[in-house]
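Please open the model in your viewer and keep a selection panel at hand. The tour below goes from one selection to the next and says what is to be found at each stop.

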Amino acid sequence: MNYDKGYFDSPEFRELLNRYEQANRLNTTPYLGVDELIDLFSYFISIDKPDEASNILSLTTRLHPGTPECTKMEIRLLLYRGEAREAIQLFSTIGYTGDNDTKLLKAEILLALKEFKQARDIAIEILRDASNGNGGDNAYEALEMLLDCGFAHEALYICENLLRAAPEHRSMLEVKAECLIEMQRINEAVEIYNRLLDDEPYNTFYWEQLGHIYYMVKRYGKALECFEYEITINDDIEYAKMMQAYCYYYLRDYRQAREIFKSVGSKYPDSTLPQFYTALSFYHEGEKEIAKELFSGITETAQEGTIEMMLARINKAMILDEQGEPERADEAMAMAIMMHPDNMKQLILRDKHLYELRDKENLTFDDMNTLESKEWTAGEELYRLGEHLVKHGHFTLAKRVFRYTREFHTDTSDIDAYIAYILWHTGEKEKMEPAVENALEGKSCILFELFDIPYNSNIMAKEFISQIKG
């Protein structure tokens, strides 16, 4: 198997791919060796075409029945689909031979199971073998595994030691760049990829990595240029098209973004992301009715208990509230918070009015730093949602959220401050005294900030209300 990421752009691989595709067009079965089939399988996984990868697995099973590579392919397909438990069960049937390829596969499974230390130990074992002259071809994958496990500093240290012996070793330069990205040392990573592109200007992987770096630091114009170069070189790379659409979206060219999201969505009808951003694009173009209908469509197809479902319901609720349909809006928000997923960290990311759906590919460094700044609790996540709704004038929706999230908090003084503020703005001033009293008892600074008056630790609820009325 070829692990060099530039291999898929090479004439050798392109000739192999053409042979396979031509055989498919002629409805014939090509004879391919196991290594060739593994390369094709890896290629289709890399460009997010699991159905094609599954076809390669079936072909391998017919041409080379009983070979362990068939089982390994099946394991990798399970990992791609997020079925790590099934993958570890299947792995137990092939026997742990101790060769580096099998070790790496086990490490991949452990990584998917979040057993990071065990996966790291396997990577270190492979690197130790490589330093002793055994299995050096797997050093690159072992370093990638260290990086994926979160040991970027350790991977960089080992990588730089290896580069001292071979300063122009391309695979090691690739790993070094990825370590630098992980550590947010952006200028150094950009310099490496520009150097690599000077030697290989048609390498789609390098253009993709460079584009992703620029995207993560919000330089969307530069990122767009890189992804468009990648698509020009190879129009089959769906990842580059999706990133191109994100760039257009953040550059506020919503029409271009919509067209690409629609094209990608037609190829992957089960994927929520293209539908979600198509709806967001329509909203930003002022087509709120279309956006609302698209979010409604997502709530009918998305899996219950996912962040996709929750955010679609929240966005639908905010649009309904804007359109003067408070009862339907409240119903949508009630469903969103009652059926919330365990992980609601995306509620922390709220740059725009409507929420944007994130996955690991479209996060920026600012997003990642916010999400990883602390361990967020469900109560904190819902509190942030309430704050966001108040900021954008959705007071009735915010009141439902704050009342719901009170159950998650032992100290509810800041929540009660917001409830008092909402009651004030929704014409229910006569009901706000208990909330003001609770906020004052808990020494909530938020209460005074919301009503824009100086903090007074000794003020009583009636006096506070009298003061804000005055």
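How are H6 and H8 oriented to each other, roughly parallel or roughly perpendicular? Before turning to the answer, note that this is a predicted model, in which local features need pLDDT of at least 70 and side-chain atom pairs count only at pLDDT 80 or more, while totals for chains, interfaces and linings use all residues. Residues are numbered from 1 along each chain as its sequence is written, and side-chain values use heavy atoms, with hydrogens and water left out.

**First selection: H6 and H8**

Select residues 100-112 for helix H6 and residues 139-148 for helix H8, whose axes are 11 Å apart and pack at an angle of about 10 degrees. Axes here are lines fitted to C-alpha atoms, for helices over the stretch in contact, and angles run from 0 to 180 degrees between N-to-C directions. H6 and H8 are therefore roughly parallel to each other, given that angles under 35 degrees count as roughly parallel, over 145 as roughly antiparallel, 65 to 115 as roughly perpendicular and the rest as oblique. Show the side chains of Leu104, Ala107, Glu108 and Leu111 on H6 together with Glu141, Ala142, Met145 and Asp148 on H8, since these residues make the contact, where contact means heavy atoms within 4.5 Å. Sorted by class, this contact of H6 with H8 has 5 nonpolar, no polar and 3 charged residues; Ala, Val, Leu, Ile, Met, Phe, Trp, Tyr, Cys and Pro count as nonpolar, Asp, Glu, Lys and Arg as charged, and the others, Gly among them, as polar.

**Zoom out: the whole protein**

With the full chain in view, the protein shows 26 helices and 0 strands, these being DSSP runs numbered from the N terminus (helices H or I, at least four residues; strands E, at least two). The C-alpha trace spans about 85 × 50 × 45 Å along its principal axes. Of the 470 residues, 52% count as buried, which is to say under 20% relative accessible area, with exposed meaning over 50% and partly exposed in between (1.4 Å probe, protein chains only).

**Second selection: H1, H2 and the loop between them**

The axes of H1 and H2 cross at roughly 90 degrees and come within 11 Å, which makes H1 roughly perpendicular to H2. On the H1 side, display Phe13, Arg14, Leu16, Leu17, Arg19 and Tyr20, which meet Glu36, Asp39, Leu40, Tyr43 and Phe44 of H2. The residues of the contact of H1 with H2 divide into 7 nonpolar, no polar and 4 charged.

In the loop between H1 and H2, pick Asn27, a residue other than glycine whose phi is positive, near 60 degrees. Asn27 counts as exposed, at 71% relative accessibility.

**Third selection: aromatic pairs**

The structure holds 31 aromatic pairs, a pair being rings of Phe, Tyr or Trp (its six-membered ring) with centres within 6.5 Å, and with planes under 30 degrees apart counted as stacked, over 60 as edge-to-face and the rest as tilted. Select Phe8 and Tyr43, whose ring centres are 5.4 Å apart and whose planes are at 65 degrees, so the pair is edge-to-face. Phe8 lies in the segment before helix H1 and Tyr43 in helix H2, so the pair ties together parts that are 35 residues apart in sequence. Phe8 and Tyr43 are buried.

Move next to Trp424 and Phe451, with ring centres 6.0 Å apart and planes at 85 degrees, so this pair is edge-to-face too. Both Trp424 and Phe451 are buried.

One aromatic cluster can be selected as a group, with Tyr215, Tyr246, Phe261, Phe276 and Phe295 among its members.

**Fourth selection: H12 and what follows**

Leu210 lies in helix H12 and counts as buried, at 3% relative accessibility. Leaving aside neighbours within four places in sequence, Leu210 is in contact with Val190, Tyr193, Asn194, Leu197 and Cys226. In the loop between helix H12 and helix H13, select Lys218, where phi is positive, near 65 degrees. Lys218 is partly exposed, with a relative accessible area of 35%.

**Last selection: H18**

Finish with residues 307-322, helix H18, which reaches 22 Å from its first C-alpha to its last. H18 is mostly covered, with 13 of its 16 residues buried. Just after H18, Gly324 takes a positive phi of about 80 degrees.

Methods
The expected span of a helix is 1.5 Å times one less than its number of residues.
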